[in-house]
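Reader: I have a two-part question in mind about how the chains meet and what lies inside them. Could you take me through it step by step?

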Amino acid sequence: MTPAIEVSGLGKRYGGVQALDGVDLEVAQGEFFALLGPNGAGKTTLISILAGLARPDRGEARVMGHHVVRDYRAARRALGVVPQELVFDPFFTVRETLRIQSGYFGLTHNDAWIDEILDHLDLTAKANANMRTLSGGMKRRVLVAQALVHRPPVIILDEPTAGVDVELRQGLWAFIRRLNQAGHTIVLTTHYLEEAETLCSRVAMLKSGRVVALDTTANLLAGLSGVHLKVRLEPDRLPEALRARALPVSGGLQVIALERAALVADALAALRAEGIQVLDVQLEQPDLEEAFLRLVGREERAA
Amino acid sequence: MSGFLTLLRKELLRFWKVAFQTVAAPILTAALYLLVFSHVLEAHVQVYPGVSYTAFLVPGLAMMSLLQNAFANTSSSLIQSKITGNIVFVLLTPLSHAELYWAYICAAVVRGVMVGAGVFAVTLITGPVPLPHPLWAAAFAVLGGGILGALGLIAGIWADKFDQLAAFQNFVIVPLTFLSGVFYSVHSLPPFWQAASHLNPFFYMIDGFRYGFFGVSDIAPLTGLCIVGATFGGLSFVSLRLLRSGWKLRS
């Protein structure tokens, strides 16, 4: 089966910044896929190239088998993109906006589908309201609706829940999950690891324009479930048993990496057994940035 | 085709929803010019024999308004879409470069012609205005609107800020329209400025348009039409190349 998204050797430079540095990626049809990474990792650049908003310097990208530059019309028909910025045209109402967007794709009698999308996104009551009068959350939902007017097989959402309240976020995810069950391929970018965790079957992590990890969500999370135990010690030295787990000292605290929170008791016991006093204890979940560092390290060891 | 029609319709609605500013206001401005200039100069100036100064002024003012509003339509639409970011809704679609171009240009011509026709209609109050060659007038009106629409498109894509666009309008478009013979015949100028006027494409648009009204012009109308047509062809070629390259629109 043709992959929904196929990217090979993709490179893009903006001035002095290498936004993408040789990205290879394949997303199968029907997948729920997450692109993770810190700001500046290249997520939005990758999406922009797929959507035709940016041109690659090298490499190729295809959506449902259609080359995004050479066969841009077919590629764009196959793709719905929800942009990150809350953009709208203040001249029009919600329904006008969706009719215009349908028309751009050559769909002139699309009202039945528009009504269905409005209903699913809880926008029916606002159908005739001007875009200017909508709240941020509603504008976000209209952006989702705009991306769906032409029933694209592949849907990309760039940070869809940034600045969206919790209740709406749940509703939005329920809707997107339904689209996925109906056969749409979903790709989303997010900062929130837990969103990827609950929704996505596969995850790619980008850093500095490269894919640093690409695996099923379950496998990746297995590597990320640890905690950092930070302790102030008297005397300030770690016993032999814990030295293998030591990370660089941070703020005068010794940092010990543990695979599971349950190992904290063992670590404290090891300190006590050596007669080392614990003056201060902090427990931290590694954030995404640290998760990255660990993943990069694992990749390098594997290589 | 329907993608083109949708974008055209959207561009038409964009100015029509605020027609008070985009159509009525420029008509009023032109009417004020006509009122003041014709009142002051009617007794003193005769450009073509047997044509009163007021009658001479009408087609020039109508065309000047047409041209300025055709420019305003594409340039303001593009800069607004770029600054608010909603240009992305057009860029994400399968619309071809040519569909995009012609939709913007047609909308610009429609607004220009509406304003020009409005100015003409208002001036009928001052007395009947002859129009012996309406097809010549129409040809120059449409091509002139197209030229300014294309210039507005290029300026709108080029400009990153409203003040850059305003500078383009104030320092390029307005001087060229004013110095194109709207208020005088270039034959009344000293030889140097007469020659300079012949380098101004706006001169040919106004002159040819005026031929439709009086059957008299500074340049043979067919020559003028060729020059104006070639200018539009050249600008269309450049615009389409820019759109294809994604200049300033696709990074």
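Author: The answers below deal with the interface, the cores and some individual residues of this predicted model.

Reader: How many residues does each chain bring to the contact between chain B and chain A?
Author: Chain B contributes 30 residues, and chain A contributes 30 residues.

Reader: What area is buried there, and what share of it do carbon and sulfur atoms give?
Author: About 2,600 Å² is buried between chain B and chain A, with 60% given by carbon and sulfur atoms. On the side of chain B, the residues that lose the most area to chain A are B:Phe89, B:Leu92 and B:Pro94, which together account for 28% of what that side buries.

Reader: How many salt bridges and polar contacts cross the interface?
Author: Two salt bridges are found across the interface of chain B and chain A. In one of the pairs, B:Lys17 bridges to A:Glu96, and their closest N and O atoms are 3.0 Å apart. As for polar contacts, 15 residue pairs are found across the interface, both residues being at pLDDT 80 or more.

Reader: Which elements of chain B give two or more residues to that side?
Author: They are the helices H1 (2-16), H3 (53-84), H4 (88-91), H5 (97-123) and H10 (221-245) of chain B. H1(B) gives the most, with seven residues. By type, the residues of chain B that touch chain A comprise eleven nonpolar, 13 polar and six charged.

Reader: Staying with helix H1 of chain B, is B:Thr6 buried or exposed?
Author: B:Thr6, which sits in helix H1 of chain B, counts as buried because its relative accessibility is 10%, under the 20% limit. Not counting residues up to four places away in sequence, B:Thr6 touches A:Ile100, A:Gly103 and A:Tyr104.

Reader: Now the interior. Which residues have the most contacts inside the largest nonpolar core?
Author: That core has 155 residues, and those with the most contacts inside it are A:Val7, A:Leu35, A:Val63 and B:Leu148. Its largest share, 15 residues, comes from H3(B).

Reader: What is B:Leu148 in contact with?
Author: Leaving aside neighbours within four places in sequence, B:Leu148 is in contact with B:Leu67, B:Ala70, B:Phe71, B:Thr74, B:Ile173, B:Phe202 and B:Met205. There is also a second, separate core of 14 residues, which includes A:Val227, A:Leu233, A:Val264 and A:Ile276.

Reader: A change of topic: what is there to note about the backbone of chain A?
Author: Most residues other than glycine have a negative phi, and most peptide bonds are trans. The peptide bond from A:Glu234 to A:Pro235, however, is cis, with omega near -5°. A:Pro235 lies in the loop between strand E11 (227-234) and helix H9 (240-243) of chain A. A:Met64 has a positive phi of about 50° and is placed in the loop between strands E4 (58-63) and E5 (66-67) of chain A.

Reader: And A:Asp122, where is it found?
Author: A:Asp122 is in the loop between helix H4 (111-120) and helix H5 (136-148) of chain A, and its phi is positive, near 60°. A:Asp122 counts as exposed because its relative accessibility is 63%, over the 50% limit.

Reader: Finally, what does the side chain of A:His184 lie 2.7 Å from?
Author: A polar atom of that side chain is 2.7 Å from the backbone oxygen of A:Pro152. A:His184 counts as buried, at 14% relative accessibility.

Conventions: Residues are numbered from 1 along each chain as its sequence is written. Chains are lettered from A and ligands numbered from 1 in the order in which they are written. This is a predicted model: local features need pLDDT of at least 70, side-chain atom pairs count only at pLDDT 80 or more; totals for chains, interfaces and linings use all residues. Side-chain values use heavy atoms; hydrogens and water are left out. Contact means heavy atoms within 4.5 Å. Buried area is the accessible area (1.4 Å probe) that two parts lose on being put together, summed over both. A salt bridge is a side-chain nitrogen of Lys or Arg within 4 Å of a carboxyl oxygen of Asp or Glu. A polar contact is a pair of N or O atoms within 3.5 Å; within protein, one must be able to donate a hydrogen and the other to accept it, and residues adjacent in sequence count only if both atoms are side-chain atoms. Helices (H or I, at least four residues) and strands (E, at least two) are DSSP runs, numbered from the N terminus. Ala, Val, Leu, Ile, Met, Phe, Trp, Tyr, Cys and Pro count as nonpolar, Asp, Glu, Lys and Arg as charged, and the others, Gly among them, as polar. A nonpolar core is a set of buried Ala, Val, Leu, Ile, Met, Phe, Trp, Tyr and Cys residues joined through side-chain atoms within 4.5 Å. Buried means under 20% relative accessible area, exposed over 50%, partly exposed in between (1.4 Å probe, protein chains only).
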